[in-house]
Amino acid sequence: MNSKITDHINKVEQAARNWLQPDNYALKEAIDQTINEGLFSFEDIKHQLLVLKENIESGQITAWAQRAGLSDTDNAVGKTILCLHAGNLPLVGFQTALGVILSGADYTGKLSRKDPYLLKTFLTELNQVGLDNSINYSTDLNDCEGLEADEVVFAGSSASVAVVKKEINRLGAASDEARYLIRTAKFSMAYVDNQDALTMKDLTEAIFRYGGKGCRSVAVVVSPYSLDSIKCEFTDYVESFWLKNPQHQEPGPALAYQFAYNKAIERSQAWLDHFLIQESTDLPDQDFLVNWVQGDEDTVRELKAKFGDVVQSIYTTGQQVEGIETTPLSQAQRPPLWWQPDGVGVLKELLCSYS
Amino acid sequence: MNFADLIFSSGSSFSEKAAKVFNYQKDKNPVYQRFCNALGVTGATSPDAMPLLPIQAFKETTIITNPDEEQGSKESSLIFKSSGTSGMRRSCHYVPDPELYKQSILKGMRHFYELDDFVIWAYAPTYSENPNSSLIWMLNTLIDNDASGQSKFLALDTPLDKKELTAIQQSDKRMMLFGAAFGLLDLLEQQKTSLPDDSLLMETGGMKTHRREMSRQDLHRQLAEGFGLSKASIHSEYGMTELLSQAYSLGDEWFHTVPWMQVSIRNPDNPMEQMPPGEEGLIGIIDLANIHSCSFLLTGDKGIRREDGAFQVLGRWNPQDLRGCNFLIERD
């Protein structure tokens, strides 16, 4: 890498390090506000920040730039990227924002009203290190009027795409030729073929961290073991997890309705106060619901094919599942900076589009 | 208990009849009993308070009220199965009393139409490949009911016979062309044919196929143009394998139920709760003709309802909307 881009990467890294300093009162205040307003739990915010700190301190910003091939010639300088951040997790937009800014593109973020404080403090820090690219943000999409962005990144379902595009067109927030990078993944799957304590702990974290929300959270477990044979032991791990990480949100009445339905059809299930685990090969269609499927690697492949693009990742405890890309279960809620939502890394995507 | 009297008589209100059916099924239907018990519902006098069993239960288990008693009449029973490709779970609806279904079909049609004035022509490709299709059974019932002998299933992939149409026109009968949406469009593709002015076209849904997907409005516009009828002559039937009663739209987008059926729109986040008129939700149905299976059902269809009980079907509820990250303009 030559000096200009190295300088840019170093500035971004410096901003990230500054942001995570223990004496960053702006961040502390943002954490307090987020907790006080009941948006996310302290434990989940702490977990997210610790993971980011580990990643940044181990040099992952530079490593990410290298992996993507960022250079003076391969970058997105001069392009304008509009990011519409959803707010299911604390800092869910962090990776997207970091990737866009690292690419050299001008960043405009529509921050989620569910997570308006944390990401804002990081963007403020970036604005203070003298980057050449501009960084703007707002919680109101109307503030993006006339932006004419070259690319729009947003998380949504296929059904929401048309609505979002219509609104962006109305505001002139993106150019007529703008590309759209749409994140449609909803959940992840885990293939668990042993009951080791470490595996059970990793599985618990993979399912229950962030209240089960976010596309990296496991909502479908495939295992040679039936739910009935494992649920007592597994419940102990879950209770232990919740002692340290109290559940932040409660499920609505629809989950109790699902429980009653399972009783009606005599389906195996485990009611865990804030969560329901049920034996089912269906698409998990509610928050706080996990589908357990007794099966093997073939089952994993079949379900992946059945669910399609809504599956983000497939975690295993180390073994490969032929024909499918897998990720270590232990990384479910501790991903490296360069993890690829929907299989598309934002930095690499921008470099491919505009280099 | 005389079930036909209970269901079809006009002597008592819907709520009173629903309460009797609710108590009977909560007592005698093991699936519905477990469902109510798990929800802590021990009694209900108002239809609003009666839990609606998710309709996919028909794919997961056998739903029979009073199963011990119904075993005896198994030989005369019907089994309706939804269509589906291999490997796909199909809904199974056990119907121990076909006569009751027949009554529901004929009384239901007569509630809205002068049925005896009509010749029924039925065109239902793909459904005819399913020997357990409830739609085919219904169409057979309607055809058999016509003493004129002019009612029939149309041959597949064959344009309408203009001579026969003229014969119906010259008789004192009206034509009711009954068919799956895509089948009717296929008929038009073979040959555009103007039906007699006083004809009715009854589409039974099926707007989404491997070949095309369209809104009900577009479908009705195409059918009206293709068959030379006014839009008011394009009606729809809303039915499914799991129901023994049907709702009909009579030339617009609003469906009306027969007196022994009631539709409510339920909150997807809490199906025990009704949505206010005009707000979208899951279509819930109480079909008293389902006395031998389960009368209280929550469909996977999205709909809205008017104050007067008429409702619109807005497609399937997308379960993916319920989970995960979603940037929404109004409420991100």
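**Exercise 1. Work out how H2(A) and H6(A) cross, and with which residues.**

Step 1. The crossing of H2(A) and H6(A) is right-handed, where right-handed means that the near helix is turned clockwise from the far one by less than a right angle, and left-handed that it is turned anticlockwise. Helices are DSSP runs of H or I with at least four residues, strands are runs of E with at least two, and both are numbered from the N terminus.

Step 2. Now the geometry: helix H2 (residues 25-36) of chain A packs against H6(A) at about 165°, and their axes are 8 Å apart. Axes here are lines fitted to C-alpha atoms, for helices over the stretch in contact, with angles running from 0 to 180 degrees between N-to-C directions. H2(A) is therefore roughly antiparallel to H6(A); the classes are roughly parallel under 35 degrees, roughly antiparallel over 145, roughly perpendicular from 65 to 115, and oblique for the rest.

Step 3. H2(A) contributes Ala26(A), Leu27(A), Ala30(A) and Thr34(A) to the contact, and H6(A) contributes Leu118(A), Lys120(A), Thr121(A) and Thr124(A). Two residues are in contact if their C-beta atoms, placed from the backbone, lie within 7 Å.

Step 4. By type, the residues of this contact are four nonpolar, three polar and one charged. Ala, Val, Leu, Ile, Met, Phe, Trp, Tyr, Cys and Pro count as nonpolar, Asp, Glu, Lys and Arg as charged, and the others, Gly among them, as polar.

A word on the model before going on: it is predicted, so local features need pLDDT of at least 70 and side-chain atom pairs count only at pLDDT 80 or more, while totals for chains, interfaces and linings use all residues. Residues are numbered from 1 along each chain as its sequence is written, and chains are lettered from A and ligands numbered from 1 in the order in which they are written.

**Exercise 2. Describe the packing of H1(A) on H6(A).**

Step 1. The axes of helix H1 (residues 3-19) of chain A and helix H6 (residues 118-127) of chain A come within 9 Å and cross at roughly 130°. The two helices are therefore oblique to each other.

Step 2. Their crossing is right-handed. Val12(A), Ala15(A), Asn18(A) and Trp19(A) of H1(A) meet Thr121(A), Phe122(A), Glu125(A) and Leu126(A) of H6(A).

Step 3. Sorting the residues of this contact gives five nonpolar, two polar and one charged.

**Exercise 3. Place H6(A) on its sheet.**

Step 1. Start with the open sheet of five strands, ordered E3-E2-E1-E4-E5 (chain A) with parallel pairing. Two strands pair if DSSP finds at least two bridges between them.

Step 2. Strand E3 (135-138) and strand E5 (174-183) of chain A are the edges, each pairing on one side only. On average, neighbouring strands of this sheet are turned by 20° against each other, direction ignored.

Step 3. Strand E2 (residues 106-110) of chain A pairs with E3(A) in the parallel sense over four bridges. Lys110(A) has Ser138(A) in E3(A) as its bridge partner.

Step 4. H6(A) lies across E2 and E3 of chain A and runs at about 155° to E3(A).

**Exercise 4. Trace the seven-stranded sheet and its helix.**

Step 1. This open sheet has the order E8-E9-E10-E7-E6-E11-E12 (chain A), with mixed pairing. Its edge strands are strand E8 (269-271) and strand E12 (327-328) of chain A.

Step 2. Strand E6 (residues 187-191) and strand E11 (residues 311-316) of chain A pair in the parallel sense over four bridges. Met189(A) stands opposite Ile314(A) in E11(A).

Step 3. Helix H9 (residues 227-244) of chain A lies across E8, strand E9 (276-279) and strand E10 (289-294) of chain A, at about 20° to E8(A).

**Exercise 5. Find the helix contact between chains A and B.**

Step 1. Helix H10 (residues 253-265) of chain A packs on helix H3 (residues 30-39) of chain B at about 150°, their axes 7 Å apart. The crossing of H10(A) and H3(B) is right-handed.

Step 2. The residues of this contact divide into nine nonpolar, no polar and two charged.
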